[in-house]
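Q: I would like to learn how to read a protein model by its features. Could we go through one together?

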Amino acid sequence: EEELGTSLFNRGTRKVELYALVTGHGAETSQCAEFCNHSHFFAVNSGMERALRFPMAQTLDGCRDRVGEGVVPNQHGTWYFGRGGWCPGLDVRPWVSDLTADVRMGMENELRYRVSVGSASLAAGRNYGNIELRAYVVYWR
């Protein structure tokens, strides 16, 4: 869990957003971070939980179906399978969620984060692969 500093929520802030870039990449036998639906949950204070999910990661044609959006077709290997957050040749699109309603301006705030693979929380000692996550809290004035 991360804590949002109080100094950044001042009187001039009119909007607060979470901006996240997430991709999964296989690094073990089942390559689950790449080819399984991993879900990321974010919440501020006692506000509602916002979820970023990748159900297309479990599909046979998830990336093939996106050729019209920029996926590079006919690469070697499994280019056509759906993946967790990316496809070959396609840019990684940011996920943006408005946090404004849950932020207490001028006060201390708490940002909570958890992750699951499929419908289960992560189990200690198990290698799920690699999840690359970059998340930013953006303050608009």
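The dialogue below takes the features of this chain in turn.

Q: What kind of model is this, and how many helices and strands does the chain have?
A: This is a predicted model. The chain has 1 helix and 8 strands. Read from the N terminus, the elements follow the order β-β-α-β-β-β-β-β-β.

Q: What share of the residues is buried?
A: Of the 141 residues in the chain, 39% are buried. The surface can be described too: the chain exposes about 8,200 Å², and carbon and sulfur atoms supply 50% of that area.

Q: Among contacts between residues at least 6 apart in sequence, what percentage joins residues at least 24 apart?
A: In this chain the figure is 70%.

Q: Next, the strands. Which strands pair with strand 2, and in which sense, parallel or antiparallel?
A: Strand 2, residues 15-25, pairs with strand 8, residues 130-140, in the antiparallel sense. That pairing runs over 11 bridges. One position to look up is G24, which stands opposite I131 in strand 8. Strand 2 is also joined to strand 5 by 4 bridges, and these two strands run antiparallel as well.

Q: Which residues of strand 5 stand opposite Y19 and L18?
A: Y19 stands opposite V96, and L18 has S97 as its bridge partner.

Q: Which residues of strand 5 are on the covered face and which on the uncovered one?
A: W95 and S97 form the covered face, while V96 and D98 form the uncovered one. Taken with the bridges, the partner of L18 is thus on the covered face, S97, and the partner of Y19 is on the uncovered face, V96.

Q: Now the cysteines. How many disulfides are there, and which residues are joined?
A: A disulfide is a covalent bond between the sulfur atoms of two cysteines. The count here is 1 disulfide. The bond joins C63 to C87, with an S to S distance of 2.1 Å. The angle about the S-S bond is -85°, and the link is left-handed.

Q: Why does the pair of C63 and C87 tie together parts that are apart in sequence?
A: Both cysteines lie in the loop between strand 4 (50-52) and strand 5 (95-98), so the disulfide ties together parts of that loop that are 24 residues apart in sequence.

Q: Are C63 and C87 buried or exposed?
A: C63 counts as buried because its relative accessibility is 0%. C87 is buried too, with a relative accessible area of 2%.

Q: Where are N45 and N74, and what is the sign of phi in each?
A: N45 is in the loop between strand 3 (38-44) and strand 4, and its phi is positive, about 50°, although N45 is not a glycine. N74 is in the loop between strand 4 and strand 5. Phi of N74 is also positive, near 60°, and N74 is not a glycine either.

Q: Is each of these asparagines buried or exposed?
A: N45 is buried, with a relative accessible area of 9%, whereas N74 is exposed, at 67%.

Q: What does N45 touch, and with which side chain does it make a polar contact?
A: Leaving aside residues up to four places away in sequence, N45 touches D102, V103, R104, E108, N109, E110 and R112. With N109 there is a polar contact between the two side chains, at 2.7 Å.

Q: Last, the aromatic residues. How many aromatic pairs are there, and how is a pair described?
A: A pair of aromatic rings is described by the distance of the centres and the angle of the planes. The count comes to 6 aromatic pairs. In one of them, the rings of W79 and Y80 have centres 6.0 Å apart and planes at 85°, so the pair is edge-to-face.

Q: Are W79 and Y80 buried or exposed, and which residues form a cluster of ring pairs?
A: W79 is buried, with a relative accessible area of 8%, while Y80 is partly exposed, at 25%. Ring pairs link F35, W79, Y80 and F81 into a cluster.

Notes
Residues numbered from 1 in each chain as written. Predicted model: local features only at pLDDT ≥ 70, side-chain atom pairs only at ≥ 80, totals over all residues. Heavy atoms only, no water. Disulfide = S-S within 2.5 Å. Buried < 20%, exposed > 50% of the residue type's maximum accessible area, 1.4 Å probe, protein only. Contact = heavy atoms within 4.5 Å. Areas by Shrake-Rupley, 256 points an atom, 1.4 Å probe, with all protein chains shown as cover. Polar contact = N/O pair within 3.5 Å; in protein donor to acceptor, adjacent residues only side chain to side chain. Pairing = 2+ DSSP bridges. Phe/Tyr/Trp six-rings, centres within 6.5 Å; stacked < 30°, edge-to-face > 60°.
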